[in-house]
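Student: Could we take a close look at a single part of this model and then follow the account to its surroundings? I would like one connected answer.

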Amino acid sequence: MDTKIINDINDTTLIEAAERIKNGGLVAFPTETVYGLGANALDPTAAKKIYEAKGRPSNNPLIIHLAKPEDAEQYAYTNETYYRLAERFMPGPLTVILPKKDIIPYEVTGGLDTVAIRVPADRVAHTLIELAGVPIAAPSANLSTKPSPTMAGHVIRDLSGRIDMIIAGDDCDIGVESTIITLSPKAKLLRPGLITVDELREVCPDIEISDAVLNQHEGRPESPGMMYKHYSPRANVVLLKGSDQMRYEFLQDKKDCGILCYNEDTELLKYKFAMPVGSKASPKEQAKNLFAKLREFDDIEEVKTIYAPMTASEGIGLAVLNRLIRAAGFEILDLKKE
Ligand code: TXA
Ligand code: MG
C-alpha cells in the first residue's frame, strides 16, 4: 500500500484525511499525548484493519476519540462522575471507560461491553474528528510491542506501507499516553498519565488504583492492554533499583551497554551509549522524552541491554515508571542485594 504523508497541514489536507477515515481508511494523526492510528469507530471492517496494520491482538480494545465530551451520549451510558471528570480534564489527556451502546461494534471494544472515550485537546486531532463527523477509534500509531510514537518520524518508520495516510505534525507535548479511568462499575485508575492520582482524587475522592499499574498481573486484567509485552525497544531493558551512587558503581564495568539516565548523571553521561531522558527533578520532562529515547537505542546496533533507573513513583512519575517497568518486562535489579 502507498502511504500518503501529509507535511503541509491545512484545511484541504485535513478534509482529505477526514474523507479517508469516513471511507474506511486508516490515518495516523498527532495528539497531545502520542500519535494515534485512526479509523471510523462505527465501521467494524475499518477497526479490523487497525489490528492488522499494528499486528495487535484483536481482544485489546481501542479508545474512541470525540470532538466534545457530550458526544459520548451517542456511544456510551454516561453518568455524573463522567461529566465531573469531563468538566475538569476534557479536552485533554484523559480516557474514561463506560458501558457501551449498541452502535459501537465489538470489533472496536475487543468484545467488551464497555467503551473507552477520549476528547483530545490537540488542534489537529480535534479538527480531524470534527471534519470526519464520526468517532475515531485510535490506538497509539506504533507496531504492537514497540514504544509509542511521539514524533512523526516514529510513525513513518513503523507504519509506512501499512496504512493510507500519515499526518506528519509536531512532536507530542506530553509523550506518554492518556490517563485511563474506568467508571464501570466503580472509579479505578487503569493507566497513569500526565493527570495525576492526586488531581483525579479532587474530582473522584474514592478512586482506586489498579494493582496492574505497577505489578505484573496474573489472570485477566481490567485493561487487556496491560497483559501484553509493551513499549519495548529491540534491546533488553533492565531497571536498576537503588541510590544514584549504587547505580554509578554498578555501571562502572558496563560502559558498552545502553544507559538511560538523568541529565544530572554526569558520571554516566561520559559513557559511549548513555542517553539522558530528562532532569531527575522533572518527571514531566522524562515523560516527554522516554519513548523517543528508547527508540534511539534501536539505531545503535551494539546495544543489546539498556540499563535504566527505577524512577520515582510520585505524581507524573507514576506514568513514567509504569511505562519503564513494562519496557523492562518487569525485570528489576535490586542493587542493595547485589
Ligand atoms: O493517549 C492515548 O490514549 C493514545 C492516543 C492516540 O489517544 N491512545 C492509546 O491507545 O494509548 P492504546 O490502544 O495504545 O491504549 C489503549 C489502552 C489499552 O491498554 C487498552 O487495553 C485499554 O486502553 N482499553 C481500551 N478500551 C478499554 C476498555 N473498554 N476496557 C478496558 N481497557 C480498555
Ligand atoms: Mg498503545
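Tutor: In this predicted model, strand S12 (residues 236–241) pairs in the parallel sense with strand S16 (residues 332–334) over 3 bridges, and within that pairing Leu 239 stands opposite Ile 332 of S16. S12 is also joined to strand S15 (residues 305–309), again in parallel, by 5 bridges, and here Val 237 is the residue that stands opposite Ile 306 of S15.

Turning from these strands to ligand 1, one finds 26 residues around the ligand, of which Thr 33, Asn 60, His 65, Ser 178 and Gly 225 come nearest. Asn 60 also takes part through its side chain, where a polar atom lies 2.6 Å from an oxygen atom of ligand 1. Two arginines make contacts of a similar kind: an N or O atom in the side chain of Arg 56 is 2.9 Å from an oxygen atom of the ligand, and a polar side-chain atom of Arg 191 likewise lies 2.9 Å from an oxygen atom of ligand 1. Of the 690 Å² of accessible area that the ligand has on its own, the protein covers 97%.

As for the make-up of this shell, its residues divide into 12 nonpolar, 9 polar and 5 charged. Strand S4 (63–65) and strand S6 (114–118) each supply at least two of the shell residues, and the largest share, 3 residues, comes from S6.

Methods. Residues are numbered from 1 along each chain as its sequence is written. Chains are lettered from A and ligands numbered from 1 in the order in which they are written. This is a predicted model: local features need pLDDT of at least 70, side-chain atom pairs count only at pLDDT 80 or more; totals for chains, interfaces and linings use all residues. Side-chain values use heavy atoms; hydrogens and water are left out. A residue is near a molecule or strand if one of its heavy atoms lies within 4 Å of it. A polar contact is a pair of N or O atoms within 3.5 Å; within protein, one must be able to donate a hydrogen and the other to accept it, and residues adjacent in sequence count only if both atoms are side-chain atoms. Accessible areas come from the Shrake-Rupley method with a 1.4 Å probe; for residues, only the protein chains shown count as cover. Helices (H or I, at least four residues) and strands (E, at least two) are DSSP runs, numbered from the N terminus. Ala, Val, Leu, Ile, Met, Phe, Trp, Tyr, Cys and Pro count as nonpolar, Asp, Glu, Lys and Arg as charged, and the others, Gly among them, as polar. Two strands pair if DSSP finds at least two bridges between them.
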